[in-house]
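Okay, thanks for coming, everyone. I'd like to walk you through one model today, so let me put it up on the screen.

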Amino acid sequence: MSVGTSAAPAKSESASPSDSGLAVLTNAVEQLIVAGKLPVPLLPQVATQLLQATNDESTDAGRVAALIHRDPALAGQVLRIANSPSYQPRMPIVSLQQAVARLGLSVMREIAVSASFQNGVFKVPGFEKELAWMWRHALGTAAFAKEVARLRRLNVENAFLCGLLHRVGEPVLLQVAVNDAKRSGLVAASPALRGAILDLAARLAGRAGESIGTAWKLPPPVLAAMVHHAAPEAAGPHVQEAALTSVAAALARHTLDESAAAEPPPLDHPGFALLNLYPNEAMGLLARADSVRRLVESLTG
Amino acid sequence: MAAPERFDVIVIGSGPAGQKAAIQAVKAGRRVALVERESGVGGECVRRGTIPSKTLRESAAAIARLRRGADIFDAKVGAGTELTRLLTRLDRVVNAHVSYMTDQMERNGVAVMKGRARFASPHVIEVEDVRGQVRSLVADLIAVATGSRPRTPPEIPVDHEFILDSDSILSLTYLPESLAILGAGVIACEYASIFALLGVQVTLIDKAERPLRFIDAELVERFVGSLTKNGGRFLGGHGIKEVAFDGVSRVTTRLANGETLSTEKVLVALGREAAVDGLNLEAAGLAPNARGIIDVDEHCRTVVPHIYAVGDVMGPPSLASAAMEQGRRAMCHALGLPPGAPAEMIPSGIYTVPEISSVGLSSEEAKRRGIPIIEGRARFDQVARGQISGIDDGLLKLIADARGRKLLGIHIVGDGATELVHVGQMAMFAGADIDVFIENIFNFPTLAEAYRVAALDVTEKRAALPVIQAA
């Protein structure tokens, strides 16, 4: 199977294009997107608020802590991650109030959104392995995106979100496609169908991302990166964010996908030219691979 | 590699100095290559320096104007406001500027090459493009105009997320609740006044006892007063011992006296250094001096006679206006063209809120050099326009010779200072007496009337001078 250019943990055969059932399925999913009826998953309230709230004066640490308290699984994740080596707390963080006060809203946003996804916003039975890879790859992309942003003096916090959410359309589409396949009597477990569904999700991820990002009221640069990272030139005023996401995704794949380890590093990725990054600067980014791996491990643990 | 492409002149860097050097050379009929490492011409001035910061300043200045009418308007901006909302016109301004400059280069036949330049020999420049492709250029004459970049002491860990420099400060998404600014030069003071007006708790920290030490102390006092009034503060006489991100959300700045300051962000504005990395100056027989800049003579010529260095790469005054003139004059000298009378009076314009601008002799310099002077002052609230606009922090100072006749310097703080200074600069250039401001008519009501008030102050003081009888 393949999930397009963003890579997959394992290879599988693709669908037969002559399969009329698959064509119907593809058409049905495309129609949902075009009609604006793609079922956008609800994020936990705290994640939604944190995504939207940095400019909302009514959002304070106490309120955020109270919101996280309502979701025990999320609360546990936040505390675990806040105490992980990546966030280097000088003293153990033992309460949510303390975590929010110490970490600040922007870091809490990163952790809560990350933890929310891990806690099962996306559940697609039969595709757990692929979802786990997508999540690891998204985290790696987010980490590389921060490094690219530092190099180009772009906003580092937004870059993290661009990377984290750039392929969020894929699991949503997987869910929709699997449900639709079941309703149509297709056997989702067949290798051909699995491959077709993954291909479909990768191909339409940008368009799905637009629906999701709009519903989640994401900042315009993040939304642009979700929609246009595969073709950054189309991102208008946010071409830099789309290009950095594209470059970061390629670097993350090279770093985290064991099947890609033998391939040459993606130093000829066209996004480097769009970002005006020279070959030695691209090499410098690749040298951050170990720290990116560590961050991914601490967040997926 | 193919044989080098031949040009008469190669200019490295397309900022203000490089542009003017290239245009001067091409207008003199030379074949010119202009090498720029970024994707568009204009240099740091356009992308990360003058133009972006002045665009943000416009938002801050608008708030300052609204606050003067506080009875009517309630102008509040605070932590959490999206910075992009305060920079709405930036893309348009930058694109227009880059487009204008690109057109100018094309129209004049300058060959613009995108890539990083390095000397392969004193006359040969290798240009590596962003894909790693290298081409060689050769020329009789070379101008280095690669500009400068923020200077960061190695002990300060700038991460461009919590500890920022002047290149990354405008990448912030939201206004922080608090900001410590290290340094007290032009960039530090400009950002301090802008962010304070935007509602950020600003602390300006420097080892010097006062900011902007090259500016008249009376003007600086008014600037500090205005900063304080807007909620900022200046901590003078404090060295920085350590700056450390706490690993989560705050930055701690430890001062040499043991005090600590915790802020959401820190801006490091401790000066700029020449951007000469990667130029391989050694291959040209050049080397940066101990201060990291390229030494030049009065014509901006380096020790290698056919290589010139112009703009920030040769050090102060680090003003775009001066850099343009250096580029033009250097090329005139190199090509044997008359450059015109040297510009002895370079005005300095500081885009703080309120603005500060000076040209010519200052009171402190006169004292240091033992030159007797008479000062004339006018506060902006002494002229109708200042009263109408509610400007209570403006001051115009004229420096006259000991007889109170010859105009030696002009120093202004307040709205419009960077424009107003040119009135006095032209009077100085024309060799006019102080009385020119009294004997001529100014529009009413205008801030330029402050010239008349200050000139009258000088004439009153000179009238009180003892009359010296001829022997």
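One bit of vocabulary before we start. When I say helix or strand, I mean a DSSP run, H or I over at least four residues for a helix and E over at least two for a strand, numbered from the N terminus. And please keep in mind that this is a predicted model.

So, how confident is the predictor about chain A? The average pLDDT there is 79, and 72% of the residues score at least 70. The start of the chain is another matter: residues 1-18 of chain A sit below 50, although that stretch still has 54 contacts in the model beyond near neighbours in sequence. Where pLDDT is low, the predicted coordinates should not be read in detail.

Let's stay with chain A and look inside. Its residues feature in the largest nonpolar core, which has 88 members; those touching the most other members are Ala145(A), Val148(A), Leu173(A), Ala177(A), Ile197(A), Ala201(A) and Leu244(A). There's also a second, separate core, with 82 residues, including Ala180(B), Leu198(B), Val243(B) and Ala269(B).

Back to Val148(A) for a second. Leaving out residues up to four places away in sequence, Val148(A) touches Ala159(A), Leu244(A), Val247(A), Ala248(A), Leu275(A) and Leu285(A).

Another one to click on is Ala243(A), which belongs to helix α11 of chain A, residues 239-256. Is Ala243(A) buried or exposed? Buried: there are 28 other C-beta atoms within 10 Å, and 20 or more is what it takes to count as buried. Setting aside neighbours within four places in sequence, Ala243(A) contacts Pro232(A), Gly271(A), Leu274(A) and Leu275(A). Phe272(A) is 29 residues away along the chain from Ala243(A), yet their C-alpha atoms are separated by 7.7 Å.

Now over to chain B. Chain B has 13 helices and 22 strands. Its radius of gyration is 24 Å, and the globule rule gives 23 Å for 471 residues, so chain B is as compact as a globular protein of that length. If you rotate the C-alpha trace onto its principal axes, chain B spans about 75 × 70 × 40 Å. Of its 471 residues, 47% count as buried. And if you take the contacts in chain B with a separation of 6 or more, 67% of them are between residues 24 or more positions apart.

A couple of helices are worth a quick ruler check. Helix α5 of chain B, residues 90-108, has 19 residues, which at 1.5 Å a residue should span 27 Å, and the end C-alpha atoms are indeed 27 Å apart. Right after α5(B) comes Gly109(B), with a positive phi near 80°. Helix α13 of chain B, residues 449-463, passes too: its 15 residues should span 21 Å, and its end C-alpha atoms are 21 Å apart.

What does α13(B) pack against? Its buried residues, among them Tyr451(B), Val453(B) and Val458(B), pack against β20, α10, β21, α11 and α12 of chain B.

There's a neat hairpin to find as well. Strands β13 (residues 251-255) and β14 (residues 260-263) of chain B run antiparallel and are joined by four bridges. One of the paired residues is Val251(B), whose bridge partner in β14(B) is Thr263(B). Four residues lie between the two strands, and in that turn Gly258(B) has a positive phi of about 95°.

Last stop, the backbone oddities. Most residues other than glycine have a negative phi, and most peptide bonds are trans. Here are some exceptions in chain B. The bond from Pro316(B) to Pro317(B) is cis, with omega near 10°, and Pro317(B) sits in the loop between β17 (307-309) and α8 (320-335). Ser318(B) is in the loop between β17 and α8 as well, and its phi is positive, near 55°. Ser318(B) is partly exposed, with 17 other C-beta atoms within 10 Å.

The bond from Val353(B) to Pro354(B) is also cis, omega near 5°, and Pro354(B) is in the loop between β18 (348-350) and β19 (356-360).

And then there's Cys300(B), with a positive phi near 70°. You'll find Cys300(B) in the loop between β16 (272-274) and β17. Cys300(B) is buried, with 26 other C-beta atoms within 10 Å.

That's my tour, so over to you.

Methods:
Residues are numbered from 1 along each chain as its sequence is written. Chains are lettered from A and ligands numbered from 1 in the order in which they are written. This is a predicted model: local features need pLDDT of at least 70, side-chain atom pairs count only at pLDDT 80 or more; totals for chains, interfaces and linings use all residues. A nonpolar core is a set of buried Ala, Val, Leu, Ile, Met, Phe, Trp, Tyr and Cys residues joined through C-beta atoms within 7 Å. A residue is buried if 20 or more other C-beta atoms lie within 10 Å of its own, exposed if 12 or fewer, and partly exposed in between; C-beta atoms are placed from the backbone. Two residues are in contact if their C-beta atoms, placed from the backbone, lie within 7 Å. The expected span of a helix is 1.5 Å times one less than its number of residues. pLDDT is the predictor's confidence in each residue, from 0 to 100. The radius of gyration is taken over C-alpha atoms; the globule rule is 2.2 Å times the number of residues to the power 0.38. Two strands pair if DSSP finds at least two bridges between them.
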